[in-house]
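Let's take a friendly walk through this model, with the coordinates open beside the text.

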Amino acid sequence: MSTLLLKDITKSYLKTPVLQDINLDIKEGEFVVIVGASGCGKSTLLRTIAGLESASSGAIYIDNQDVTNKEPKDRDIAMVFQNYALYPHMKVYDNIAYGLKVRKRPKAEIKERVNKIATLLQIDHLLDRKPNALSGGQRQRVAMGRAIIRNPKLFLFDEPLSNLDAKLRVDMRLEIKRLQQQLKITSLYVTHDQVEAMTMADRIVILNKGYIEQFDTPKMLYQKPASVFVAGFIGAPSMNFINAKTTDNGICLEDGGELDIVLEDNHDAGKDIIIGIRPEHLQLSEQKNDVDITVTVDTIEHLGAETLLYGFIPSSQTRITMKINGYWSGSVGETIHLHARKEHLHAFDPDTKKRIDLNRHIHYA
Ligand SMILES: Nc1ncnc2c1ncn2[C@@H]1O[C@H](COP(=O)(O)OP(=O)(O)O)[C@@H](O)[C@H]1O
Ligand SMILES: [Mg+2]
């Protein structure tokens, strides 16, 4: 059974398209994270699913029921926002109970459910306080409690952690994930933070200017990014991109030097290609390997467990970042040889910016 299905959703404000060709099929109990830069349409998509905005075209199904034209209150959705707008004059207990009170549930039932959820969220000792006597993290938990108590079919989160400090954000991220697994509520979670997306999601939607660039598991987004955009977005430091050319026996830079990739036969020679290599897949080496790159180092960052080296390929001036384990005892200005394994290479078509599968040989459409 599919719990949330979006079919060809588009949304425009005064003829300016904000969402285009949105097709998503989210399974029951799944935790899906939507990630993308500020202004790419994340909040608009959530608000459209919640019914706070209407789609310009397309259809929305929840549990196989068409809810496209239904009021927000008839969609059985709970939403947690960044500004978790608690009622300031109400105690925590009444804030959590609110959704059941307006639905006129019996007092005993309300009491039992508020207590159960407060225990689950570890805020049972705060029920008599007002929101202004709570920390940011505690308020966030109350907002979660208020949303959970109705037992909705679908949970929507819009950057719920972005107002919290870094340490609390990591704690809350684990907590939300744990809670979601416990309650098994299908969830759609918006963030601009790719680490939050990678750590929390069963599957991730990468949104770029209102389009879905890729919808896949964190593992697949990392291993097989579908486009240059996704490749650069997922992973920190970002993937290195090198403009290169295919030759009879591999791939090299435009002028031939300083990058040498040996490939099997059976590919189109003389084509432009973008090569992608993640900083963590570049290793220092003396001897040649599948992939060899020469880089002059101009900046070093020692992080303790690892060292980030920044530099450039001398002839092309292409910037390269490397992440190596442990301490690097070299110095700025040094020219080093790096190698990578062929299976860690990514390749993209310079025109379409889409992935080309190197393992299945390089052929262009
Ligand atoms: N009510 C509105 N009227 C006109 N344009 C809007 C409205 N709401 C959002 N937008 C525009 O739609 C785009 C996407 O906004 P939004 O969904 O809030 O992005 P995100 O949440 O990814 O930061 C932005 O360019 C924003 O300016
Ligand atoms: Mg937003």
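A good place to begin is the largest pocket, which holds about 650 Å³ of space. Keep in mind as you look around that the model is predicted. Which residues sit closest to the centre of this pocket? Of the 22 that line the largest pocket, they are Ile77, Ala78, Met79, Phe81 and Arg150.

Now for the elements behind that lining. Strand β6, residues 77-80, gives the largest share, with four residues. β6, helix α2 and helix α4 (136-148) each contribute at least two residues to the lining of the largest pocket. If you colour the lining by class, you will find 15 nonpolar residues, two polar ones and five charged ones.

Helix α2 is worth following further, since besides supplying residues to the pocket lining, α2 also packs with a neighbour. The axes of α2 (residues 92-102) and α3 (residues 107-120) come within 10 Å and cross at roughly 130°. Are these two helices parallel or oblique to each other? An angle over 145 degrees would count as roughly antiparallel, and 65 to 115 as roughly perpendicular; α2 and α3 are therefore oblique. The crossing in which α2 passes α3 is right-handed.

To see the contact itself, select Tyr93, Ile96, Ala97, Leu100 and Lys101 on α2, together with Ile110, Lys111, Arg113 and Val114 on α3. Sorted by class, the residues of this contact between α2 and α3 comprise six nonpolar and three charged, with no polar ones.

Conventions. Residues numbered from 1 in each chain as written. Chains lettered and ligands numbered in written order. Predicted model: local features only at pLDDT ≥ 70, side-chain atom pairs only at ≥ 80, totals over all residues. Heavy atoms only, no water. Axes fitted to C-alpha atoms, helices over the stretch in contact; angles between N-to-C directions. Parallel < 35°, antiparallel > 145°, perpendicular 65-115°, else oblique. Left-handed = near helix turned anticlockwise from the far one by under 90°. Contact = heavy atoms within 4.5 Å. Nonpolar A, V, L, I, M, F, W, Y, C, P; charged D, E, K, R; others polar. 1 Å grid on protein atoms, 1.4 Å probe; cavity = no way out; pocket = protein on both sides within 12 Å on 5 of 7 lines; lining within 4 Å. Points joined across faces, edges and corners; volume = space filled by probe spheres on them.
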